[in-house]
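New to this one? Here is a quick briefing to read with the structure open beside you.

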Amino acid sequence: MQLPSEPRPNKRRRKPRSRAFQETASVLLLIVGAFMVAFSFNMFLLPNKIASGGVSGISVIVNAMLNIPPAYTQWVLNIPLFIAGIFFFGSRFGIKTAVGSVVLPLFVLLTAHWTPPTQNPLLAAIYGGLGVGIGLGLVFRGRASTGGLDVAAQIIHRLTGLTLGIAVATLDGLVILSAGILISPENALYALIGLFVTSKTIDVVQSGLQTSKAAFIVTTQPDKVSQAVLIDLDRGLTKLQGEGGYTGEHRPVLLTVVGQNEVSRLKALVREADPGAFVIITSAAEVLGEGFHDHPLNK
C-alpha cells in the first residue's frame, strides 16, 4: 500500500533530532513566544484598555479600575491556577507550564515602560491580536503553555463535562463582558476583534501558510490512475476499499494529498486516465510526514 505522503524511493529519510535538541528548541520557543505576547500586550492592548480574554484581559481590567500593574495581577492569578492544575492533573502540568506562568508576567513587567506606537484602538486590537497570536502560536509549537485561564478551562472541563472549547470561550467571554461593563462597551467590541485575530493567527503559526488538498478518487481504472499519480505527479497514494451504496459493487478509492498548486494537474491526469472517475477534493488543514511537514516529534 502506498501512503499519501510517500516520497520517491531515492529520497533519504531525515534522522529524528535528539531529545535534548527538542527540549532546547521547545524552551526557546516558549521564551520567545512569551516575550512576543508581553511585547504586544504592552505596546497595543494595555494602553488602549483592550481586555481580549484570559488572565491578561483580567489584568487590563484591574489596571483600569485599581491602577495595579498588570504583571502583579498575572502572577497572583497564574500561580494559584498552576497549583490547582497540579492538584487536578498531577505531573501533566510540568516544568514548562510553570516557566510560562512566571516568565510571561516577568516580560510584561520588563516591557511596561516601552512607548506604544499607536493610540488608535482599532489598530491596537488588530496588531495586538496579531502579536499575541504569533507569541502563543510559538509557545504551543514548543508544546508548552503560559498557564492562566487555559488551566481553569481544563479544570471546568474535567468537573462539568463541558468541552474544552466551550469552557475557554465562556471564560474569555466573561472577561470581555466584564470589560464592557467596567471599562466601556466600545472597548469590549475592540477586544472581540483582538480575540478573533489572535485565534486565526495561532492557527496560521501552528499549521503554516501552505494549503494542502486531499483527493478521493473513485475509479474503474485504478491502475491507470495510480500510475498517473505515482509517476506523472510524483505523489504517493493509499488504496482504500469502497462499496457502492446502490449497486453494492466493490470499487477501490484512491486517496492522495497534493499541494494547492498541483490540484489542476491532478484533475487533468485523472480525467485523462479515467474520464468517468468520481473525484472529491477537500482542504487538509495540516499534513505531517515525509513529502510535507515534519512530524512535531521529529522537530
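What follows starts with the overall picture and then moves through a few topics. Keep in mind that this is a predicted model. The protein chain has 299 residues, and its secondary structure comes to 10 helices and four strands.

**The big picture**

- Going along the sequence, you meet the elements in the pattern α-α-α-α-α-α-α-α-β-α-β-β-α-β.
- Buried residues account for 42% of the 299 residues in the chain.
- Take the contacts between residues at least 6 apart in sequence: 75% of these join residues at least 24 apart.
- The chain's accessible surface is about 16500 Å², and carbon and sulfur atoms hold 63% of that.

**What the UniProt record lists**

- The unreviewed UniProt entry gives residues 20–41, 72–90, 97–115, 121–140 and 161–183 under "transmembrane region".
- In the model, residues 20–41 are 100% helix and 0% strand, with 32 Å between the end C-alpha atoms.
- Residues 72–90 come out at 95% helix and 0% strand, and their end C-alpha atoms lie 26 Å apart.

**A nonpolar patch on the surface**

- M65, L66, I68, Y72, L106, L109, L110, L174, L177, I181 and L182 make up a nonpolar surface patch, with about 1000 Å² of accessible area together.
- Three elements each give two or more residues to the patch: α2 (54–66), α4 (95–110) and α7 (164–182).
- Which element supplies the largest share of the patch? That would be α7, with four residues.
- One of the patch members, L182, sits in helix α7. L182 counts as partly exposed because its relative accessible area is 43%, which falls between the 20% and 50% cut-offs.

**Salt bridges**

- How many salt bridges does a search of the whole structure find? The search turns up two.
- One of them pairs the side chains of E262 and R235, at 3.2 Å from N to O. This pair ties together distant parts of the chain, 27 residues apart: E262 is in the loop between β3 (250–259) and α10 (263–273), while R235 is in the loop between α9 (222–232) and β2 (238–243).
- Are E262 and R235 buried or exposed? Both are buried.
- R251 and E249 also meet through their side chains in a salt bridge, at 3.7 Å from N to O. Here R251 is partly exposed, at 36% relative accessible area, and E249 is partly exposed too, at 42%.

**T146 and the loop before α6**

- Look for T146 in the loop between α5 (121–141) and α6 (149–160).
- Is T146 buried or exposed? T146 is buried, because its relative accessibility is 9% and the cut-off for buried is under 20%.
- Setting aside neighbours within four places in sequence, T146 is in contact with N78, G100, S101, L104, L136 and V139.
- T146 and V37 are 109 residues apart along the chain, yet their C-alpha atoms are separated by 9.9 Å.

**Helix α6 itself**

- α6 is 12 residues long and reaches 16 Å from its first C-alpha to its last, close to the 16 Å expected at 1.5 Å a residue.
- Its buried residues include L149, V151, A152, A153, Q154 and I155.
- After α6 comes G161, which has a positive phi, near 85 degrees.

**T198 in helix α8**

- T198 belongs to helix α8, which covers residues 185–207.
- With a relative accessibility of 8%, T198 is buried.
- Not counting neighbours within four places in sequence, T198 is in contact with G129, V132, G133 and L136. L136 also appears among the contacts of T146.

**V218 in strand β1**

- V218 is found in strand β1, residues 212–218.
- V218 is partly exposed, with a relative accessible area of 25%.
- Which residues does V218 touch, leaving out those up to four places away in sequence? They are R251, P252, V253, A277 and F278.
- One of these contacts is P252: the C-alpha atoms of V218 and P252 are separated by 6.4 Å, although the two residues are 34 apart along the chain.
- R251, another residue that V218 touches, is also a partner of E249 in a salt bridge.

Notes
Residues numbered from 1 in each chain as written. Predicted model: local features only at pLDDT ≥ 70, side-chain atom pairs only at ≥ 80, totals over all residues. Heavy atoms only, no water. Salt bridge = Lys/Arg side-chain N within 4 Å of Asp/Glu carboxyl O. Buried < 20%, exposed > 50% of the residue type's maximum accessible area, 1.4 Å probe, protein only. Patch = residues over 30% accessible without salt bridge, like charges linked within 9 Å, V, L, I, M, F, W, Y side chains within 5 Å. Areas by Shrake-Rupley, 256 points an atom, 1.4 Å probe, with all protein chains shown as cover. UniProt positions renumbered as here; feature names shortened; annotations may be inferred. Contact = heavy atoms within 4.5 Å. Expected span 1.5 Å × (residues − 1).
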